[in-house]
Amino acid sequence: MGIMEKENMKEEVLKLNVIDGKTLLEMEVKPLKYVISKIMPTGLHILAGSPKIGKSWLALWICNQISKGEKVWDFETIKSSTLYLSLEDTIERIHFRLSHITEEGSEQSFYSTEAKELSKGLEVQIENFLKEYPDTSLITIDTFQRIRDNSNDKNAYASDYDEVRKLKVIADTHDIAILLVHHLRKMQDSDPVNMVSGSTGIIGAVDGIYILEKESRTENKAKLHITGRDIEDMLLSIEFDKEESVWKLISYGDNSNTSKEEPILTALKKLITEKKIFQGTSKELLAELKKIDTSITVKPNVLARILNSNKELLKNKKAINYQSKKINGIKLVCFTSLGVDSVDGADNFLCMGNEEKIENIDP
């Protein structure tokens, strides 16, 4: 091989694989899947709080709710299998807690008090579980510290990031959520995220962070700080009901826009119930929704994001299917009531049975 050929090969290897903005927005991409609507997409997440503050009660309740397809506070879930690795408890303690949370256990919720460390086979254990229960949407590991490698690596950031990355690969590959229950540092900080124990390699690698924080250990009330890559920053005020052993929602912080979404979904349900089918641009859809509810004031692109993030909820809870397609240079969105097969016109743009053509909704 000549010198010129080697140089050309080198340049080819070093060339960036880029895409222009126009092509990027025209791509057909899979909508983001939410295990808990609005607050927990698929990916790797951390639930952190001080010791004995009630993290495990919260994590156990979330697993139970998802396995039954029941709401987590005001947020919808899609019924699916869950795995709870309670690595600091006995099976008797899990029985005690679960019996306080619910009268009837779910056949889609699974529990274990034993698991390997990350370097000794945990990844294989999780992969094998997912093969046996492919409908799993959430795996909770309580606590993260129990599966970590006992490494003396001086580079704490690199070590933390590598451990978290291994779990993130599993979550992303299988399109599930993995929730790591973790601790906070004792040192206070104005930003609760900075209180997560360990180096910034942990919080930098995860997709979502949930900080459970009490002002006083003797109080039943707490704040749940929520932030992440695909999560709107949110602050929830919650209270532990000692009688039911469940964290209950009291109120939302001022930074939450969750209240904007329900009127939109309610109006869309009413529209499709009446018309069975809607096909048009996002702008046209917004006009129809405003006729039903004049309080809806979002812009078409915001409407698009809300509907896109609620695709599974619309299908499973509202009995509505939707997809979008570009026809003659115009992107159309199509919504149908479950059971309606097609739409006349627009090149016979089918709204059902064509999942591979679903893409993000834009105005």
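Over which residues does pLDDT stay under 50, with 47 contacts beyond four places in sequence in the model? I looked this up before anything else, keeping in mind that the model is predicted, and the stretch is residues 352-363.

**Confidence.** I then noted a further stretch, because I wanted the chain's confidence in one place: the mean pLDDT of the chain is 83, with 83% of its residues at 70 or more, where pLDDT is the predictor's confidence in each residue. Over residues 342-350 the pLDDT is below 50, and I found 21 contacts for this stretch in the model beyond near neighbours in sequence. Going by element, I found the lowest confidence in helix H1 (residues 3-14), at a mean of 65, and the highest in strand S4 (residues 81-86), at 98.

**The chain as a whole.** I looked up the secondary structure and found eleven helices and 14 strands. Of the 363 residues in the chain, 46% are buried, while the area that the chain exposes comes to about 19200 Å², with carbon and sulfur atoms supplying 50% of it. For contacts between residues at least 6 apart in sequence, I noted that 62% join residues at least 24 apart.

**Arg305.** I turned last to a single residue, Arg305, which lies in helix H10 (residues 300-309). Is Arg305 buried or exposed? Its relative accessible area is 53%, and because exposed means over 50%, I entered Arg305 as exposed. I also looked up its separation from Pro31: Arg305 and Pro31 are 274 residues apart in sequence, and their C-alpha atoms are 9.7 Å apart in space.

Definitions and conventions
Residues numbered from 1 in each chain as written. Predicted model: local features only at pLDDT ≥ 70, side-chain atom pairs only at ≥ 80, totals over all residues. Heavy atoms only, no water. Helix = DSSP H or I, 4+ residues; strand = E, 2+ residues; numbered from the N terminus. Buried < 20%, exposed > 50% of the residue type's maximum accessible area, 1.4 Å probe, protein only. pLDDT = per-residue confidence, 0-100. Contact = heavy atoms within 4.5 Å. Areas by Shrake-Rupley, 256 points an atom, 1.4 Å probe, with all protein chains shown as cover.
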